[in-house]
Structure formats: C-alpha cells, structure tokens
Amino acid sequence: MSRSTLLEPELREAEMMGDETTRFEELLLQASRELQQAQATTPESTQIQPQPGFCIKTNSSEGKVFINICHSPSIPPPADLTEDELLQMLEEDQAGFRIPMSLGEPHAELDAKGQGCTAYDVAVNSDFYRRMQNSDFLRELVVTIAREGLEDKYSLQLNPEWRMLKNRTFLGSISQQNIRSKQRPRIQELGNLHSPGSKAPEGGPEKPHLSLWLEAPDLLLAEIDLPKLDGALGLSLEIGENRLVMGGSQQLYHLDAYIPLRINSEASKAAFHWKRKQLMVAMPLLSVPS
C-alpha cells in the first residue's frame, strides 16, 4: 500500500466540495457529536471479573513472567473467520484481524518455588476462548498478540518462547478489570463518495460502495466493496491526510474520496477480505474530532 499527501491543497477547501462531499462531511461530524454524547451519558468503563483459562510462563530481563489467559462474555468477540481465512490474512502481513483483549495491571506473585515473579491477566471473549481451546493455532495466536500487547502497554521485552502450565489455570489471583462500556456509533453508509471531478466516464472503472465508521475517537475504519475481485493483487491505495484514492486491478474500480478528518497516513493499514470481497482500511486520526 502506498501512502502520500494527495492532490492539490485547494481541493481540500470546503467551497470546492460537491453536494455529495458536503453531505458526507456533515454526517461524519454528526457521528462525532453522537460519539461525544454517548461518552457523556455512558460510563467510561464497567468492571468485569474474568474467569481463569490457562497460564503461560515466560520471562523478561527482570525475571519470570506469567500470563493468565482469562475470558469474559463482556469482552466483544473477534470477527468470525475460519482458520484458513485468518491464515491468509496473516500471511499477507496485513492488519485485517483484531482480537479484542483486556490487558490487566501487573501484580507481584510467588511462583511454585516461592520466588518472586510478575503476573498479568489478559481476558478475551468467552465464546472465542472455548473455540480457542480446540485449536493450537488460535491459542498460539492469542498468546502472541497478548505478549505483544503487554510489551507495548508496559514497555516490556518478553521472551517469545513460552510454555503452558499443566497443573494450574492461573497464577496468583485474578483481579477485576475495567473495560470500556460505550459503544461506537456507526456512521451511516453513504454510498459512493467522490471528490469533484472524479467521476468516471461511461464504460470506465466502477465506483465502489464505501462504508465508514469510528471504531474509537481516534480510529476511522473503512470498508470498500469489490465484488468483482478475488484478491488485492494489482490494487493501488493511496492515503493522504484527508484523501483516500483506490484504483488499479485491470481498471475495474476507482474510488477518490475526500475525508474531512486528519488521517495519519503513515500508520494506516489495509487488508483484503477475500470471502466478503472487501478492502478493509484502518486509518488512525491525527486529532480527535471535536
């Protein structure tokens, strides 16, 4: 995926937007206001009590580390993909799959030999946990993502090698955790959104359907429907600070959309979901809508 600051600055000015783009901006800003209202009327978080699952042992430069993999029905499940679909996404090294997790605070414990160690509680959805119990692949994936999440959150460097404890499902005690309780307000699907002058001629590339929503105040997600494609081979995607342009792949599709939010183009990622025939784009924002 290529990224750049796209097109001339004057195309970003409101007075040059078409009626469709102006409507898009109004609906997007309305969704931002709905998100703020939901944050004001809904508690920021709710407490859950994760249930024990299994415990793994690894280490860091500071000593032994144990990770309690727990579960709770209050945590949302990941997308319902088969292992083959998931494996294809991972082989393409793209961020098309996310496992919601709650990462608990570190707590000091004693291991079986009475020596000091550190334990962390990581909770996933209960239904997904039951599915994971029957899949070594999913179990290893969850442990890898949990380890990387703990490293990012707490500035750790954990040994990638680990082993699962056979005789105990957790180490120490599993504490309650706070999880976000507010739901994202889905932005209305707006159809084909294009900037002025981007209309394709008769017989030219088709303009695909684009859906957008706020996953979080600082993360915008997009789904682009591409029913004629079986993969991302040949697709080009350029993301600017407030522009998304997609083309290529035998000129079957072309999309040129103005987005009235400041996008972090360097951190944006995309993945093609071959079963749904959609290009999924995750776009972190440089500033939270106000």
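Let me start with Asp-230, which is exposed in this predicted model, its relative accessible area being 62%. Asp-230 has a salt-bridge partner in Lys-277, and the closest N and O atoms of the two are 2.5 Å apart. Now, Lys-277 sits in the loop between β14, residues 269-273, and β15, residues 278-284, whereas Asp-230 belongs to the loop between β10 and β11, so this pair ties together parts that are 47 residues apart in sequence. The lysine end of the pair is less open to the outside than one might guess from the aspartate, because with a relative accessible area of 24% Lys-277 falls between the buried limit of 20% and the exposed limit of 50%, and we call Lys-277 partly exposed.

Please keep Lys-277 in view for a moment. In the hairpin that β14 and β15 make, with four residues between the strands, Lys-277 takes a positive phi near 55°. The two strands of that hairpin run antiparallel and are joined by five bridges. If you want to follow the pairing on the screen, you can look for His-273, whose bridge partner in β15 is Gln-278, and then for Lys-269, whose bridge partner in β15 is Ala-282.

On its other pairing, β15 meets β10, again in the antiparallel sense, and here the two strands pair over seven bridges; one example to look at is Glu-223, which has Met-280 of β15 as its bridge partner. How much of β15 is covered? Five of its seven residues are buried, so to speak of the strand as mostly covered is fair.

Where do these strands belong? They are part of an open sheet of four strands, in the order β9-β10-β15-β14, with antiparallel pairing. At the edges stand β9 and β14, and because each has a single partner strand, one side of each is left without a neighbour in the sheet. On average, and with direction ignored, neighbouring strands of this sheet are turned by 20° against each other.

Let me come back to the salt bridges, of which the structure holds nine. A second one joins Lys-228 to Glu-206, with the closest N and O atoms 3.1 Å apart. Lys-228 is found in the loop between β10, residues 219-225, and β11, residues 235-239, while Glu-206 is found in the loop between β8, residues 177-180, and β9, residues 210-216, so that the pair ties together parts 22 residues apart in sequence. Of this pair, Lys-228 counts as exposed at 51% relative accessibility, and Glu-206 is partly exposed at 35%.

A third salt bridge is formed by Arg-147 and Glu-151, where the closest N and O atoms are 3.7 Å apart. These two residues are four apart in helix α4, which means that about one helical turn separates them, and both Arg-147 and Glu-151 are buried.

That brings me to helix α3, residues 126-133, whose buried residues are Ser-126, Phe-128, Tyr-129 and Met-132. Why do they lie on the same side of α3? Because they cover an arc of only 155° around the axis. As for what they pack against, the buried residues of α3 meet β2 (51-60), β3 (63-72), β6 (116-125) and α4 (136-154). Finally, at the start of α3, a side-chain oxygen of Asn-125 reaches to within 2.9 Å of the backbone nitrogen of Asp-127.

Note on methods. Residues are numbered from 1 along each chain as its sequence is written. This is a predicted model: local features need pLDDT of at least 70, side-chain atom pairs count only at pLDDT 80 or more; totals for chains, interfaces and linings use all residues. Side-chain values use heavy atoms; hydrogens and water are left out. Buried means under 20% relative accessible area, exposed over 50%, partly exposed in between (1.4 Å probe, protein chains only). The arc is that of the directions from the helix axis to the C-beta atoms. Contact means heavy atoms within 4.5 Å. A polar contact is a pair of N or O atoms within 3.5 Å; within protein, one must be able to donate a hydrogen and the other to accept it, and residues adjacent in sequence count only if both atoms are side-chain atoms. A salt bridge is a side-chain nitrogen of Lys or Arg within 4 Å of a carboxyl oxygen of Asp or Glu. Two strands pair if DSSP finds at least two bridges between them. Axes are lines fitted to C-alpha atoms, for helices over the stretch in contact, and angles run from 0 to 180 degrees between N-to-C directions.
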